[in-house]
Amino acid sequence: MTGKFEALSVETLPKRLGANEALTERIGKDASQWKVREVGDGNLNLVFIVEGDRGAAVVKQALPYVRLVGDSWPLPLKRSFFEYHALTRQERRAPGSVPAIYHFDEDQALIVMEYLSPHVILRRALIEGRELPNIARDIGLFMARTLFRGSDLSMVTRERKADLALFADNVELCDITENLVFSDPYFDAEMNRHTSPQLDGLVAELRADRDLKVEAQRLKHLFAANAETLLHGDLHSGSIMVIDTETRMIDPEFAFYGPIAFDVGMLLANFWMAFFSQRGHQENGSRDSMRAYLLRVSAETWAIFRAEFSHLWRTERTGMLYQKSLFEDQGDLLGSEQALDHMLSGIWTDLLGFAGIEVHRRILGLAHNADFETIADADLRASCEAKALKFGRHIAVNRRQIHSIDEVNTLAALVEQENRI
Ligand code: SR1
Ligand code: MG
């Protein structure tokens with residue numbers, strides 16, 4: 001199916017894709033028997049699950065506009081191209097961590113991929129209070145492998161520069177992040193919203209907070225100028241699918257070359273937001289254990305990331321940065337370890353900044369998250385959000401003085417109990 005773009009619908013999909021071998025092989029040859037559901041609950045795209053007598057597949061199609069807002073906000077279809085190319089690289093760099101791709105149609109901006117079942121979106125699982133046993137390990141490894149192997153620490157520099165040029169064209173999706181994440185929360189931007197008037201005072205305080213605004217812009221500068229590695233670009237808990245025994249990362253349409261700390265910071269921010277939202281989900285009993293689990297997961301994710309990144313540094317550092325000829329080959333193992341420490345501590349400091357402002361934009365900007373949004377009681381929701389906002393401000397502004405994840409988690413626990421800030 002090539003030619004002029006046309007959005008699919010539940011009704012037209014079997015007819016339009018009925019001859020597509022990638023689908024017929026997996027779903028069944030008789031397209032009239034296919035069962036099609038549109039399940040997209042993200043902000044941008046159509047997502048269909050197609051089932052037949054042989055099995056099932058997912059068809060994801062970009063729309064020429066932002067689904068959340070409508071056609072008043074056009075958005076290029078080429079994001080599907082970047083998603084496809086990011087997925088192929090992620091599969092190579094972290095095998096088994098993303099859905100298998102069966103087919104890509106650039107004109108129709110659609111990707112046919114593996115149907116992950118009975119996987120659920122991680123954010124949903126955390127809202128339900130499910131303690132998934134492997135997410136810290138799986139996500140920590142995914143981030144270390146994709147972020148290390150997509151950088152000049154690993155890649156042939158000519159190939160990395162070509163890839164950098166390819167993804168540099170993902171301008172409009174970067175623009176969304178640049179505005180929605182780094183700027184809009186800190187002024188009265190048109191599409192902003194927050195939960196209720198209970199937050200008005202705090203919102204005004206944050207918008208008048210010079211240190212915070214300067215920090216957010218320093219982070220935006222870093223995001224835009226530090227083309228360090230191929231990022232997922234939108235690695236929040238809605239971009240991860242889980243069962244107890246498996247974790248898969250999805251939706252890398254925001255992929256581009258940016259700072260390593262961005263993916264890690266966004267991800268950890270989503271664990272911390274899940275933590276602050278738990279008090280709003282206690283209808284069926286205390287979430288003390290879930291809160292402890294979420295702090296443990298954030299600490300373990302960072303520990304696994306560090307360990308795997310360090311392992312790759314010691315065993316796979318074949319790129320043009322920190323060449324072995326300067327260190328190991330001269331017997332200078334300490335020099336290489338010193339450089340590694342330096343790099344990890346830079347990632348740490350920056351990820352705290354990215355995490356802090358990710359928390360802010362999910363509460364003050366356009367795109368909120370279900371962790372807070374599904375709390376029906378407005379006062380309770382506002383109280384959870386207020387704590388998260390204060391926590392986000394603290395870690396963003398004081399990031400250079402915070403030296404361990406235990407320190408951050410202790411602060412989170414104190415803020416949650418309303419003992420601090
Ligand atoms: C207009 S898009 C809003 C948000 O949805 C995506 O998932 C990204 O997080 C983006 O910032
Ligand atoms: Mg998405």
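Two strands are taken to pair if DSSP finds at least two bridges between them. Helices (H or I, at least four residues) and strands (E, at least two) are DSSP runs, numbered from the N terminus. In the present structure, strands β4 and β5 form a hairpin in which 3 residues separate the two strands. The structure is a predicted model, in which local features need pLDDT of at least 70 and side-chain atom pairs count only at pLDDT 80 or more, while totals for chains, interfaces and linings use all residues. Residues are numbered from 1 along each chain as its sequence is written, chains are lettered from A and ligands numbered from 1 in the order in which they are written, and side-chain values use heavy atoms, with hydrogens and water left out.

The chain is divided into domain 1 (13-114) and domain 2 (120-416), with bounds that come from an automatic or database domain assignment. A distance of 26 Å separates the C-alpha centres of domain 1 and domain 2. Their contact (heavy atoms within 4.5 Å) takes 27 residues from domain 1 and 29 residues from domain 2.

Five strands form an open sheet in the order β1-β2-β3-β7-β6, with antiparallel pairing. Its edges are β1 (35-38) and β6 (101-105), each of which pairs on one side only. On average, and with direction ignored, neighbouring strands of this sheet are turned by 20° against each other. Axes here are lines fitted to C-alpha atoms, for helices over the stretch in contact, and angles run from 0 to 180 degrees between N-to-C directions. Edge strand β6 is joined to β7 (residues 110-114) by 4 bridges in the antiparallel sense, and Ile-111 of β7 is the bridge partner of Phe-104. In the hairpin, β4 (residues 65-66) and β5 (residues 70-74) are likewise antiparallel, with 2 bridges; here Val-66 has Gly-70 of β5 as its bridge partner.

The loop between β7 and β8 contains Pro-118. The peptide bond that leads from Ser-117 to Pro-118 is cis, with omega near 10°.

A second open sheet, of 3 strands, follows the order β8-β10-β11, again with antiparallel pairing. Strands β8 (120-121) and β11 (246-249) lie at its edges, each pairing on one side only. Between β8 and β10 (residues 240-243) there are 2 bridges in the antiparallel sense, and Val-120 is matched with Val-242 of β10 as its bridge partner. Helix α5 (residues 135-149) lies across β10 and β11 and runs at about 35° to β11. In the loop between β11 and β12 (257-258) lies Asp-251. Its phi is near 65°, a positive value in a residue other than glycine.

Helices α11 (residues 288-315) and α15 (residues 405-416) pack at an angle of about 160°, and their axes are 10 Å apart. The two helices are therefore roughly antiparallel to each other, given that angles under 35 degrees count as roughly parallel, over 145 as roughly antiparallel, 65 to 115 as roughly perpendicular and the rest as oblique. The crossing of α11 past α15 is right-handed; a crossing is left-handed if the near helix is turned anticlockwise from the far one by less than a right angle, and right-handed if clockwise. Helix α11 contributes Arg-291, Leu-295, Ser-298, Ala-299 and Trp-302 to the contact, and α15 contributes Ile-405, Asn-409, Ala-412, Ala-413 and Glu-416. These residues comprise 6 nonpolar, 2 polar and 2 charged, where Ala, Val, Leu, Ile, Met, Phe, Trp, Tyr, Cys and Pro count as nonpolar, Asp, Glu, Lys and Arg as charged, and the others, Gly among them, as polar.
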